[in-house]
Structure formats: structure tokens, C-alpha cells
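Thank you all for coming. I would like to take you through a few parts of one model this morning, so please have the view open as we go.

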Amino acid sequence: MFCKNIIKKFVEIVSKYPESNAFCIDDTFYTYAFFWNLVCKQRTLIINQKLTDKKVGLVVNDDLFTYASIFAVWMEGMGYVPLHPKFPTDRNLEIIRQAELHKVLDSNIDSEFDDELVIQTNACKSLKPTTRIIDVQDDSLAYILFTSGSTGQPKGVQISFKNLDSFIDAFLDVGFKLDNTDRCLQCFDLTFDVSVQCFLVPLIHGACVYTVPHEQIKYSYVFGLLDDHDITFGIFAPSMINMLKPYFDEIDLKKLRYSILTAEASPIDLINEWAECIPNARVFNFYGPTEATIYCTCYEFIRNSFVKEANGMLAIGKPFKGVKAVILDGNLGIVDNGKKGEMYVSGNQVTQGYWKNHERNIEAFIELDYDGISHRFYKTGDLCLLDDDNDILYYGRLDNQVKIQGYRIELGEIEFHARRTIGGKSAVAFIYQGQTGSDEIALCLETDKLDKNAIIISLKAKLPSYMIPTKIYNLDKFPLNTSDKVDRKQLKELIIKL
Amino acid sequence: MQRNNIVEKVKEILISVLEHEGFELTDDLVAADVSGWDSLTHMIIISSIEEEFKIKFKLKDLNKMRNIGALIDIISSKIS
């Protein structure tokens, strides 16, 4: 019950700790009472709109209004669709069109969207607060997140209140003990689901959430927060920790109690060194597709003991409480322990499906008998193995989908837009290791002449910055494989030689 | 080294890493205002500056560095 476990818990925290800090945003602290007041006034603002739709767009600025919008929307039994102010307007408009949004909440008075679409959230200040608790329907949507899709169109993952409630319950069951003295890091964009864990878990415990302004260089600002504010609970993408690596000898964070790694595979060498910087923290590796609500498996890294790994990447461990994970072969047969296959997950955290995307839903979900009962499973596209202790090891993606800076992207979407800029000729995007050791995107176009700037400019109008290639090449002709498809592997080898 | 010499050298580094000159190097310029200056290029810019001026930044220097003026001040204090 989302209403009982999340909303009522939050309201209870507000009345218990009104003067405690709920947020620290750009060096300013805001108390629970102050935050609550904004939530309640925004509810009135939303009620006054007399919306018939149960979902609303939300421009995710890094400010208190935006976080208050999320709670206001939820307390009205509605869901939000995040729109990133730094993403191209075209992409946001495409999401608005696909999700059939009639209204968009925005705290920015210079909104990029039309007046008739926008609800200015800072207009709520003069309104009376709405404080009553209404019974939120568990099958209603809490949010829809749009992720990269290879057809050139993003696809919307629908997460219900029941999905989110099940996630929070299972997450806390891992063994986290938080209270009103905890200080928690929230360094993820609100368009990425890990952000929901980062702000929601602290706020139902009376802890304080520390955010990262969009215009800051993230890794150095995050270190500033960890060091200046003695953060106790931190969730990190390994690629961000990798950026701190040159400075590990200066980092000594004795107050950090929990360090969660997520969003991408965690290199074991890096985590061994990171663990030295956080001597008192328990370190966990969390795995989960957006479709199964934030995380659905977990592995605890224990210092100075045997750590399980696959190809140098930390194991992803055991399924969350209430989650079933199975490893299947190409014929949907369960493979033996010790053999690789594709992981499928089931349970209350798994989405009811992609928003109005029948074709994808047929591909991505299957019915499978498990322990004598038929369950609906989500096909993760991840190559995994179950070892003899039933711990899951992760071997990477099966398809053309990759992760950059924690964002899951389909190279096909970049290729789709690249092809359009060069009049339909072939384009192949691939991943390479950049100068900093992080994964970056390279794009190769099948054309004899190349205007790199023009291509970058047109891609930037369509794609968020993390999807923009850092290197662009051209070849007169692409190598083909025996089935006359572009030979990606050979192409990549050719490019590396250039 | 004179402050404007430092500014000039920093400018050259930025142009070479970011591959464009679409910015004016004023004291209150911030990374977010410069196209292409993100976490990844920031790391390369910082290591190029360290190499050029033969200095080494502390992480604490970096996270207090809010704009170009602060960057120039830190470089200046490290080389004097």
C-alpha cells in the first residue's frame, strides 16, 4: 500500500521533525515544514487545474519546487513524466506527444514550453494548502520514464504505486537503517529512476537529501558534499567514482555508512580502492532495469574477503525480496547453474508494460511456469549466470544497448538520427574507451566527405548530451559480414587504426 | 607569471580540448556556459593545466572552484 507505507510515513515524519532539514539544494537548507507547505500548496494548484488526466509532465529543475511537485502529484494520486530542461526541446516535445500530456509543471518562469501547456509551480505561493490524505490507487502510475529506443523514438516505462511500494519495501529489507540524523546524497538526474530511491528513502526517515545543481561539474561537487557535509548514505555510478580515482589518496570519508554502486557494472579493482576511502561504509552493488523499478538484485561487497566477479565486474548477487530471477536459454528453458543465459525477472516490481507500445510489450514480456505457477517475466537483455550459491554474475548486454554515464542508451537511436543528417546513408555507433578511461560513443558514417560540426549540431537538436558521440569518423564503404550486414566488429577495428 | 599570461595559456588549453573558441574567458565564466565542457572534458582540461603549469591540484581545490576566476587564482597561488 503506497498510501500507507510511503505517503502516511512521509506525513508522519513531517509532523515529527518539522524543523529538521529535508533538503540541501545549492548550499541552502530547507526544513520538512517548509517543504510540506510547498507540497500542500502545489496540491491546491493542481486541484485548481481540474485535470482529467492522471499524469502530468514535470520539468525537473534542481530546486525545491520540483521535488515538492513530485509529492504533490503523488498525494493527488497522479503520476509524473520527467522532462529534463537540458534535453533538446524536440525530444521533450516528442515525450509530451507520446505520453499524451495535457499539462507540464515547471518551476522556471521562463519555461521552454507554451503557456497553455505549462503550470507555473511558483504561482502556488499565495494559495491555501491542501493537507488531507486521499487514498491513492495502487494500480495508478507513479511515474513514466522515457528511455532510449532504437526506432529513434524513446519508449515509456510505466511504474505504478504498487511497483514503487514493493521496491521500497524490498530495498529496506536489504538491511538499511536510516534515521533523522542521516545525510543522503542525490546526485542523479530526475529523468533517471535511481533518483527516486535517492530522495524518497531519506524523506520517509526524516533524513536530509543533498542534491547536485545541473550546472556543476558533478564529480567534484559531489566530493565537496561528501567532505563538507559528512554524507552518511551515498549512491554512486562507478564511472563517477572512477573520475575521483586520481584523488583517492586525499579522500577519507569516515562518516559514510553506506555506499551503493549502481547504474552500470562495477569494476572490482576500482571498488577495492574506493573501499579504502570509505573505511566505515558497507558497500553494496545494486542491479536493476528501469522496467523492474530501480533495483531488483543486490550483492554486498565485504572487505578483505572473497568477492565474486565476472570479467572483473562485481557480482550482482541475489534477487530482492519478492523478485524472481531466472536465467534462460534461447528456447526459454532454464539453464543449469554455472551456465550463461539471458536473465528474466518477475514480481511486483515489474512494470505493467511500455506506455502504448504493443509491439515492444509482446517482445519484452513472457509468461513462464515457475514453481508450478505461471508468472509474467520481463526479458532484461542481460547476459548472466547463476553460480552454485545462487548468486547472479553479470556478463554485459546481449544486444546493441549500452550504458553511458549510467544512462541506458540504444546505439540504434543515435544511428537513426545520424542517418537522417547524411541523407539516409549508413551510420554505426559504437563504444570506445576515452582518454579518461570512461566509455564514450564514436560514430562512423558511410560517406566520402564529412562536416563533423554540422552533424554534431543536428544530433544535439535531437538527443541529450550523454548520447552525443565524442568522435566522428567516415569511411567510403562499410565492411559487410557474410549475411550482408554491416560488420560492426570489423568496422570498429578499422576505425581504431585511423 | 602575470595573471594575463595564465589566462592566455588556460584559454589555449580550453580551445585545444574543446575544439572551439566560442567563449570569452572572463572571471565569472562557468563550465556550464561553455559548450562541450562537461565532467569528461573537465578531467582532461584539469590534467592539461597540471601539465602546462607543472602543478598538481587537490580535490579540495577543485570542488571549491566555481568559475574561471577561481581557477586562475588557484593556478596563480600554486606557481608562486
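How many of the 7 residues of strand 25 of chain A are buried? What you have on the screen is a predicted model, and in it 6 of the 7 residues of strand 25 of chain A are buried, so that this strand is mostly covered.

Let me place that strand among its neighbours. Strand 25 belongs to an open sheet of chain A in which 3 strands follow the order 25-26-27, with mixed pairing. Strand 25, at residues 427–433, and strand 27, at residues 471–475, are the edge strands of chain A here, and because each has a single partner strand, one side of each is left without a neighbour in the sheet. On average, and with direction ignored, neighbouring strands of this sheet are turned by 30 degrees against each other.

The mixed character becomes clear when we take the two pairings in turn. Strand 25 and strand 26 of chain A run antiparallel and are joined by 7 bridges, with Ala442(A) in strand 26 being the bridge partner of Phe430(A). These two strands form a hairpin with 5 residues between them, and in the turn Gly437(A) has a positive phi of about 90 degrees. On the other side of the sheet order, strand 26, which covers residues 439–446, runs parallel to strand 27 of chain A, and 5 bridges join the pair; there the bridge partner of Leu443(A) is Ile472(A) in strand 27. As a general reminder, strands of a sheet pair through backbone hydrogen bonds, either parallel or antiparallel.

Which helix lies across strand 25 and strand 26 of chain A? That is helix 11 of chain A, residues 411–421, and its direction is at about 135 degrees to that of strand 25.

Helix 11 also leads us to helix 4 of chain A, since the buried residues of helix 4 pack against helix 11 as well as against strand 4 (79–83), strand 5 (104–106) and strand 7 (141–147). Helix 4 itself spans residues 89–98, and its buried residues are Arg91(A), Asn92(A), Glu94(A), Ile95(A), Ile96(A) and Gln98(A). After helix 4 comes Glu100(A), with a positive phi near 55 degrees.

Helix 3 of chain A, residues 64–75, is mostly covered, with 12 of its 12 residues buried, and among them are Phe65(A), Tyr67(A), Phe71(A) and Trp74(A). From its first C-alpha to its last, this helix of 12 residues reaches 17 Å, close to the 16 Å expected at 1.5 Å a residue. Helix 3 is followed by Gly77(A), whose phi is positive as well, near 75 degrees.

Finally, let us turn to chain B. Its secondary structure comes to 4 helices and 0 strands, so written from the N terminus on, the elements run α-α-α-α. Chain B has a radius of gyration of 11 Å, which agrees with the value near 12 Å for a compact globule of 80 residues, and its C-alpha atoms fill a box of roughly 30 × 25 × 20 Å along the principal axes. Of the 80 residues in chain B, 45% are buried, and of its accessible surface of about 4,300 Å², 46% belongs to carbon and sulfur atoms. If we take the contacts in chain B between residues at least 6 apart in sequence, 50% of them join residues at least 24 apart.

Technical notes:
Residues are numbered from 1 along each chain as its sequence is written. Chains are lettered from A and ligands numbered from 1 in the order in which they are written. This is a predicted model: local features need pLDDT of at least 70, side-chain atom pairs count only at pLDDT 80 or more; totals for chains, interfaces and linings use all residues. Side-chain values use heavy atoms; hydrogens and water are left out. The expected span of a helix is 1.5 Å times one less than its number of residues. Buried means under 20% relative accessible area, exposed over 50%, partly exposed in between (1.4 Å probe, protein chains only). Two strands pair if DSSP finds at least two bridges between them. Axes are lines fitted to C-alpha atoms, for helices over the stretch in contact, and angles run from 0 to 180 degrees between N-to-C directions. Contact means heavy atoms within 4.5 Å. The radius of gyration is taken over C-alpha atoms; the globule rule is 2.2 Å times the number of residues to the power 0.38. Accessible areas come from the Shrake-Rupley method with a 1.4 Å probe; for residues, only the protein chains shown count as cover.
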